[in-house]
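Here is a note for a colleague who is meeting this structure for the first time. Please keep the sequence and the 3D view at hand while going through the points.

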Amino acid sequence: MTEPKTTTLYEAIGGDPIVRALTQRFYALMDSLPEAARCRAIHPPDLTGSEEKFYEYLTGWLGGPPGPPIYVQKRGHPMLRRRHFIAGIGPAERDEWLLCFTRALEETVLDPDLRGIILEPITRLADHMQNKE
């Protein structure tokens, strides 16, 4: 008897190409949308490193590929709030970050049910990252 296979979100959305496209589009939007200017301002001038870290984090968070998460292997425990505490993240920055993420998600993940499954905890995470009023 074989055990049922569990599908991760990573697999369900299309794996590495989709996670890469999502993170690339997210940072392209952050870098270009006037309505994301405050969020963009708390990031370094060159977004390459931020994009790679977010790609590594999302890859693990979404459940793939097998093995230890890439982010953890390279950088240790995410400790996201602690790592972001140097940036003033208020409601405006949080909302702008979510705007960019939501648009990138809509453009790269075709299934609306999967987008909803991803967006709900990402929204809670964004709320948790806020460190100023």
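In what order do the elements of the protein run from the N terminus on?

1. Starting at the N terminus, the elements run α-α-α-α-α-α-α-α, and the secondary structure accordingly comes to eight helices and zero strands. Please bear in mind while reading that this is a predicted model, and that the values below were computed from it.

2. On overall dimensions, the protein has a radius of gyration of 15 Å, which agrees with the value near 14 Å that a compact globule of 133 residues would have. Taken along the principal axes, the box filled by the C-alpha atoms is roughly 55 × 30 × 25 Å.

3. As for how the chain packs, buried residues make up 37% of the 133 residues. Among the contacts with a separation of 6 or more, 70% are between residues that stand 24 or more positions apart. The surface that the protein exposes comes to about 7800 Å², and carbon and sulfur atoms supply 57% of that area.

4. Turning to charge, the protein carries 16 positive and 19 negative charges, and the mean positions of these two groups are 6 Å apart. Side chains of opposite charge can pair when their charged atoms come close. The structure holds nine salt bridges, and the next points take up some of them.

5. Which residue forms a salt bridge with Arg 25? The partner is Glu 107, with the closest N and O atoms 2.5 Å apart. This pair links distant parts of the chain, since Arg 25 belongs to helix α2 (residues 16–32) and Glu 107 to helix α7 (residues 91–108), 82 residues apart. Arg 25 is partly exposed at a relative accessible area of 31%, and Glu 107 is likewise partly exposed, with a value of 44%.

6. A network of salt bridges links Arg 94, Asp 95 and Asp 127, and it deserves a look pair by pair. Between Asp 95 and Arg 94, the closest N and O atoms of the salt bridge are 3.0 Å apart. The side chains of Asp 127 and Arg 94 also meet in a salt bridge, at 3.6 Å from N to O. Because Asp 127 lies in helix α8 (residues 112–129) and Arg 94 in helix α7, this second pair ties together parts that are 33 residues apart in sequence.

7. Are the members of this network buried or partly exposed? Arg 94 is buried, with a relative accessible area of 17%, which falls under the 20% cut-off. Asp 95, by contrast, counts as partly exposed at 42% relative accessibility, and Asp 127 is partly exposed as well, with a relative accessible area of 39%.

8. A last residue to inspect is Glu 56, which is found in helix α4 (residues 48–61). Is Glu 56 buried or exposed? At 0% relative accessibility, Glu 56 counts as buried. Leaving aside residues up to four places away in sequence, Glu 56 touches Ile 70, Tyr 71, Lys 74 and Arg 75, and a reader may wish to display these neighbours together with Glu 56.

Conventions. Residues are numbered from 1 along each chain as its sequence is written. This is a predicted model: local features need pLDDT of at least 70, side-chain atom pairs count only at pLDDT 80 or more; totals for chains, interfaces and linings use all residues. Side-chain values use heavy atoms; hydrogens and water are left out. Helices (H or I, at least four residues) and strands (E, at least two) are DSSP runs, numbered from the N terminus. The radius of gyration is taken over C-alpha atoms; the globule rule is 2.2 Å times the number of residues to the power 0.38. Buried means under 20% relative accessible area, exposed over 50%, partly exposed in between (1.4 Å probe, protein chains only). Contact means heavy atoms within 4.5 Å. Accessible areas come from the Shrake-Rupley method with a 1.4 Å probe; for residues, only the protein chains shown count as cover. Lys and Arg count as positive and Asp and Glu as negative; His and the chain ends are not counted. The place of a charge is taken as NZ of Lys, CZ of Arg, CG of Asp or CD of Glu. A salt bridge is a side-chain nitrogen of Lys or Arg within 4 Å of a carboxyl oxygen of Asp or Glu.
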